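User: Hi! I'd like a close look at one part of this protein, and a connected account of what you find there.

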Amino acid sequence: MSTEKIARSGTDSALREFLKSEAAGGILLMVAAALAMIVANSPLYDMYHHFLHEMKGPTLSSKLGPMTPHLWINDGLMAIFFMLVGLEIKREFVDGRLNTWERRRLPVLAAAAGMVVPALFFLAIVKDVPALYNGWAIPAATDIAFAIGVLALLGPRAPASLKLFLVTVAIVDDMGAVAIIALVYTAEINGAALLASAVILAVMYTMNRNGVLKLWPYLIGAILLWYAVLMSGVHATIAGVLAAMTIPIVRTPTSPDAEDSPLHRLEHAIAPWSAFLIVPIFGFANAGVSLEGIGFNEIFAPLPLGIAAGLFFGKQIGIFASVWIAVKTGFAGRLGGASWLQVYGVAMLCGIGFTMSLFIGALAFPGNELLIEEAKIGVLGGSFLSAIIGFCILRFAPQAEDQDSADSPDAEKLKAAS
């Protein structure tokens with residue numbers, strides 16, 4: 001491969017575009033969340049709540065009842081977000097930074113520890129209230145858009161290796177969150193609908209195996225799969241991930257993507273809509289918490305305290321400790337161009353659980369508005385603390401001696417060629 005081609009592929013890297021869009025989307029998500037809090041604590045709250053929860057549409061599932069705007073957002077639009085998550089996971093495992101065990105082991109270890117330790121913190125705090133145990137997974141997920149948005153504010157002070165590490169950990173983290181949603185937060189199953197889902201998925205897989213590269217048959221299949229999964233009792237967003245796994249990918253080991261790859265084309269088509277519309281709408285619809293009548297007793301109630309502690313303490317301890325142990329034992333190499341203090345700062349940013357944590361919070365306590373609101377307080381509090389302190393650590397941490405060489409264009413060309 002020529003030097004010119006390597007340089008061009010590095011410049012046009014899908015990863016670069018991904019980081020840029022996630023950064024911009026993350027900043028927009030922050031704005032949407034802040035706007036939701038302002039509206040929820042203003043005279044507009046009644047209108048905000050009425051629009052999201054009381055306007056009724058058609059009944060697609062007897063379990064959900066009439067579709068409200070809130071349900072359309074959480075069960076419909078977020079299925080597209082989850083499809084993007086699935087596409088990113090497949091791309092990284094088949095043709096990206098997670099395509100070998102050597103590349104997977106550090107982010108997989110860090111993500112696993114970053115899910116288990118927050119759950120343990122949560123359960124330790126709510127141990128005397130069994131009714132809250134179902135919320136153990138709320139602090140287990142990292143919000144990639146929000147975290148990358150914070151990193152973007154740091155500019156060159158955040159080493160490229162840390163950005164890559166954060167993205168890969170968050171992708172593996174998303175895999176765990178999807179599995180938890182499918183396995184833990186599914187109460188009643190409609191056998192006929194589940195069978196229909198399996199048949200549709202089998203047809204899509206067969207199309208893939210037979211070389212169908214046009215996207216429209218898969219998109220029709222994805223819509224049918226979404227409805228079947230919605231009817232089955234499994235959360236409808238899982239359909240997005242399952243559909244993504246059937247989309248064909250053309251491997252491009254020395255360049256970021258291929259024009260004839262259906263997966264790359266669909267991913268690039270969905271990404272802007274997800275970053276700039278779907279996720280901000282979700283944030284605006286789910287982050288609005290009225291603080292009227294909320295004092296220290298409510299803030300430090302077991303549920304919000306357990307979630308906040310899991311995100312703020314559990315994430316940083318689990319991720320940083322696992323990375324440190326992995327490097328010291330030789331299980332994985334040190335992150336190039338980053339000091340240990342900078343690694344700690346990124347581990348702190350992983351405590352931003354916003355989107356997925358809010359999503360799981362609503363699934364953990366269905367129909368219990370009080371607990372859902374308390375869960376939001378915990379998510380917002382833990383995420384806010386993690387974002388502010390993580391930002392400050394990275395802003396004032398001394399740069400590693402090898403950061404300039406690790407972030408140089410020559411280093412990026414070498415990575416692109418390898």
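Which residues make the nonpolar surface patch of about 420 Å²? Once you have covered the patch, please go on to the second largest pocket and its lining.

Analyst: Happy to! Please keep in mind that this is a predicted model. The nonpolar surface patch is made by Ile27, Leu28, Val31, Leu153 and Phe276, and its area is about 420 Å². Helix H2, which runs over residues 14-40, gives the patch its largest share, three residues. Leu28 is one of the patch residues and lies in helix H2. With a relative accessible area of 33%, Leu28 counts as partly exposed, because that class covers values from 20% to 50%.

Now to the pocket. The second largest pocket holds about 960 Å³ of space, and 43 residues line it. Those nearest its centre are Leu64, Leu71, Ala362, Pro366 and Gly367. By type, the lining divides into 22 nonpolar, 15 polar and six charged residues. Several helices supply at least two lining residues each: H3 (45-53), H4 (69-95), H11 (262-286), H15 (354-364) and H16 (369-396). The largest share comes from H15, with seven residues.

H15 deserves a further look. This helix is mostly covered, with ten of its eleven residues buried. The buried ones are Phe354, Thr355, Met356, Ser357, Leu358, Phe359, Ile360, Gly361, Leu363 and Ala364. So the helix that gives the pocket lining its largest share is itself mostly covered, buried here meaning under 20% relative accessible area.

Terms used: Residues numbered from 1 in each chain as written. Predicted model: local features only at pLDDT ≥ 70, side-chain atom pairs only at ≥ 80, totals over all residues. Heavy atoms only, no water. 1 Å grid on protein atoms, 1.4 Å probe; cavity = no way out; pocket = protein on both sides within 12 Å on 5 of 7 lines; lining within 4 Å. Points joined across faces, edges and corners; volume = space filled by probe spheres on them. Helix = DSSP H or I, 4+ residues; strand = E, 2+ residues; numbered from the N terminus. Nonpolar A, V, L, I, M, F, W, Y, C, P; charged D, E, K, R; others polar. Patch = residues over 30% accessible without salt bridge, like charges linked within 9 Å, V, L, I, M, F, W, Y side chains within 5 Å. Areas by Shrake-Rupley, 256 points an atom, 1.4 Å probe, with all protein chains shown as cover. Salt bridge = Lys/Arg side-chain N within 4 Å of Asp/Glu carboxyl O. Buried < 20%, exposed > 50% of the residue type's maximum accessible area, 1.4 Å probe, protein only.
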